[in-house]
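Reader: Hi! I'm in my first year and would love a close look at the nonpolar core of this model. Could you walk me through it?

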Amino acid sequence: MAGCANKPDMTPKVETADSTETESFSERALKEKISDSLAIRPSWTYYQYALQAMDNQEWLLARHYLDESLRQLVSERFDSTYKNVSAAEDSAYRIKMPLRIVRALDEVYPNVAEMGQNIDNYTRNDVSIEGIDALDESAADSAALQVIESFLDTLDVSQFTLPVSFNERVLQEIYYMTTSARAFMAGSLNRKTAYDSLIYAQLDAAKMPRDLIYLALVESGFKVKAYSRAKASGMWQFIPETGKRYGLEVDYWVDMRRNPEKATMAALKYLNRLHDEFGDWLLAMAAYNCGEGRVRRLVREMQEDTTRDSTIAVTYWDLELPKETMRYVPRILAAMVVGHYPEQYEMTVEQTYQPDFDTVTVFDSFPLEEVAKLLKVSEDTLRTLNMELVKWCTPPNKDSYLLRLPVGTRAAFVDGYDKMEKNNFSSWHHHKVRKGENLGVIARQYGIKVSELQQANDMKNTRIRAGQSLLIPIKVTPKPKANRGKKPVKVRTYVVQPSDNIAAVARKFGISQDSVRSWNSLDAAAVIKEGDTLVVSKPEPKPQVEKSRPKMAKGEKYVVREGDTFAAIAETFDVPVVMLMQANEGFNRRLSVGDSLVIPEYVRKKAEKKSTKSENKSAAAKPKSSSEKTSVYTVQPGDNLTNIARKFGTSVAKIQELNNMGSSSSLSVGQKLKVAGTAQEAQIKIHTVKKGEGLWDISRQYKVTIEEIVKWNDLQDTKIKVGEKLKIKQ
């Protein structure tokens with residue numbers, strides 16, 4: 001057949017094991033069911049973890065779980081715990097499982113190979129498996145336990161804040177943490193020093209035992225982006241559902257389980273609630289690991305046991321819990337002992353630190369690559385500071401985001417903010433790849449570039465497979481601006497002199513500082529320099545030509561022509577792309593020549609400025625009501641008509657009319673003004689300055705100017721300190 005073939009098609013094709021299938025391997029495999037007696041086996045559990053990791057495209061994690069599944073499959077042969085099925089059922093399971101694992105590895109290894117040089121960084125930050133996964137290590141003999149116990153006998157247990165019992169289970173875990181898991185323990189204690197102050201401060205504030213910090217050590221080894229079980233993430237290893245329940249946002253763009261401060265706050269809330277229910281920290285930790293429902297049921301069963309002394313409280317040591325949890329709590333207690341006395345176990349702990357950073361509030365979505373170029377730092381540096389960012393950019397689905405920057409780079413970021421390329425996407429759609437599709441076909445369908453599609457999905461190449469879900473960015477379709485040919489009015493300009501600042505220029509021409517900034521595209525932190533040319537009269541806005549949509553008869557549909565895309569058709573008829581696609585099932589099908597499309601009725605809203613202008617005009621024309629109260633206001637330093645109008649709940653035009661000012665906005669300190677209305681009490685908020693914040697961030701957050709914050713708080717300059725309380729008038 002190859003000999004008869006025409007010139008090969010070099011277009012990248014969809015990869016699929018079976019051409020009749022549209023699901024991915026992991027989606028098909030996750031639907032497979034086995035008997036309950038087999039499903040409890042660790043080999044099956046780890047295989048399921050691997051499939052979930054594959055579904056999330058976490059390839060290194062999937063490889064680890066598949067290796068662990070195979071290891072467990074071998075060990076189960078010699079474990080009597082798993083002899084609860086017939087020989088025939090056991091034999092069939094043992095024949096099929098290696099085949100399942102090999103098929104999964106066939107999917108995993110090509111993707112691991114593609115990671116290339118990124119693999120070390122991924123391993124260092126994202127995968128932490130030593131803490132609780134390894135549960136079948138060889139036990140310590142009596143001589144080794146005797147050595148451990150001899151040292152523990154010399155300790156005063158009152159120094160520990162968790163209730164500790166030095167029984168054999170704890171001794172075995174101390175042996176494990178100082179032998180098989182020695183490297184993990186030593187590395188974790190070093191990383192712990194970077195988070196001590198953060199976690200201890202929150203534990204102290206909540207009046208919780210300080211040694212609960214060792215729960216995080218066992219969960220993640222203090223790797224902030226750690227994955228140790230399927231879908232659990234972060235230093236405290238929350239699954240998405242529990243994280244969201246305790247205020248940790250988890251979506252396509254951000255994973256706040258990776259934010260050390262917020263994750264610690266959520267973990268302590270969860271542990272505190274568990275302690276309130278069970279009244280015991282060891283039971284609370286057990287419930288944290290295997291779920292409060294299971295612990296609650298086992299405690300209730302023991303309390304209802306008539307053969308047991310009901311006057312004695314049920315403790316963690318009384319319960320028959322899952323194998324992992326039976327070792328989980330003793331392991332935390334063992335880590336606590338080793339953490340208090342690392343020198344006894346010949347471990348050297350070196351102080352580590354979190355990197356210092358500045359923060360800045362952003363109101364647009366930026367690619368991290370753009371920010372890195374502007375600040376002349378590596379993209380990895382930004383990712384390390386903003387570990388909760390899952391994708392390549394700041395989240396486009398948020399009105400604002402607090403971005404952490406390398407210390408000392410905030411000023412450079414503010415200066416270059418408006419020059420950076422922003423993500424001009426209005427919404428996002430998930431597209432499931434069909435048989436025969438490639439990136440070019442999908443990009444044309446949605447009217448975007450292949451490179452934009454690759455960036456949205458963090459793809460290094462163009463290889464896709466049937467059943468894969470791709471994120472599709474839907475672009476904003478800007479309205480073209482046109483000039484009607486009217487000659488623009490010449491604006492007045494001024495060349496900045498040596499002693500000038502924005503306030504001085506505003507006073508010189510009788511205009512507000514806000515107008516100077518607006519007319520000259522200056523942000524709140526901008527400083528003018530000698531020789532700069534400033535616009536000091538209001539520029540005439542450029543007229544726009546309303547785009548007329550092509551006429552169509554009532555009920556007529558548009559027939560798709562060669563080269564048409566949803567984006568191009570939406571632009572032609574001046575309707576949003578999303579609305580056009582929703583009206584024509586555009587999210588579920590490709591366009592073909594000859595298709596008939598419904599063009600939805602849509603009228604764009606007029607600009608707010610126009611409506612505001614007309615409202616002001618009508619307000620000015622409307623005679624003053626006899627019942628309307630007029631006040632007299634004395635102009636204060638720093639006042640302008642906009643501030644005074646806001647204070648009295650009126651308009652600038654109304655003040656100008658009452659005082660026969662015409663179109664002038666010039667004011668002088670001490671001047672008496674008639675103002676319609678009564679001065680409104682400004683609502684004052686107290687803002688506590690956070691680490692890395694500057695006045696620019698705070699002014700953007702509350703939509704006020706830096707000068708106003710300085711004035712409200714009698715600041716001598718623009719320097720502020722962490723923890724300082726600032727008054728903000730709203």
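Author: Happy to; here is a tour of the core, with a look at some ring pairs at the end. This is a predicted model, with residues numbered from 1 along each chain as its sequence is written. Local features need pLDDT of at least 70 and side-chain atom pairs count only at pLDDT 80 or more, while totals for chains, interfaces and linings use all residues, and side-chain values use heavy atoms, leaving out hydrogens and water.

A nonpolar core is a set of buried Ala, Val, Leu, Ile, Met, Phe, Trp, Tyr and Cys residues joined through side-chain atoms within 4.5 Å, where buried means under 20% relative accessible area (1.4 Å probe, protein chains only). The largest one here has 78 residues, and Leu152, Ile174, Leu217, Trp236, Tyr288 and Val295 touch the most other members. Several helices (DSSP runs of H or I, at least four residues, numbered from the N terminus) each supply at least two residues of this core, including α7 (142-152), α8 (168-178) and α15 (323-340). The largest share, ten residues, comes from α15.

Take Ile174: leaving aside residues up to four places away in sequence, Ile174 touches Ile148, Leu152, Ala334, Val337, Val338 and Tyr345, where contact means heavy atoms within 4.5 Å. Another core, of 25 residues, lies apart from the largest one and has Ala29 and Trp44 among its members.

Tyr288 also belongs to a cluster in which ring pairs link it with Phe238, Tyr246 and Tyr270; rings of Phe, Tyr and Trp (its six-membered ring) pair if their centres lie within 6.5 Å, with planes under 30 degrees apart counted as stacked, over 60 as edge-to-face and the rest as tilted. The whole structure holds 16 aromatic pairs. In one of them, the rings of Phe366 and Tyr417 have centres 5.1 Å apart and planes at 75 degrees, so this pair is edge-to-face.

Terms used
Buried < 20%, exposed > 50% of the residue type's maximum accessible area, 1.4 Å probe, protein only.
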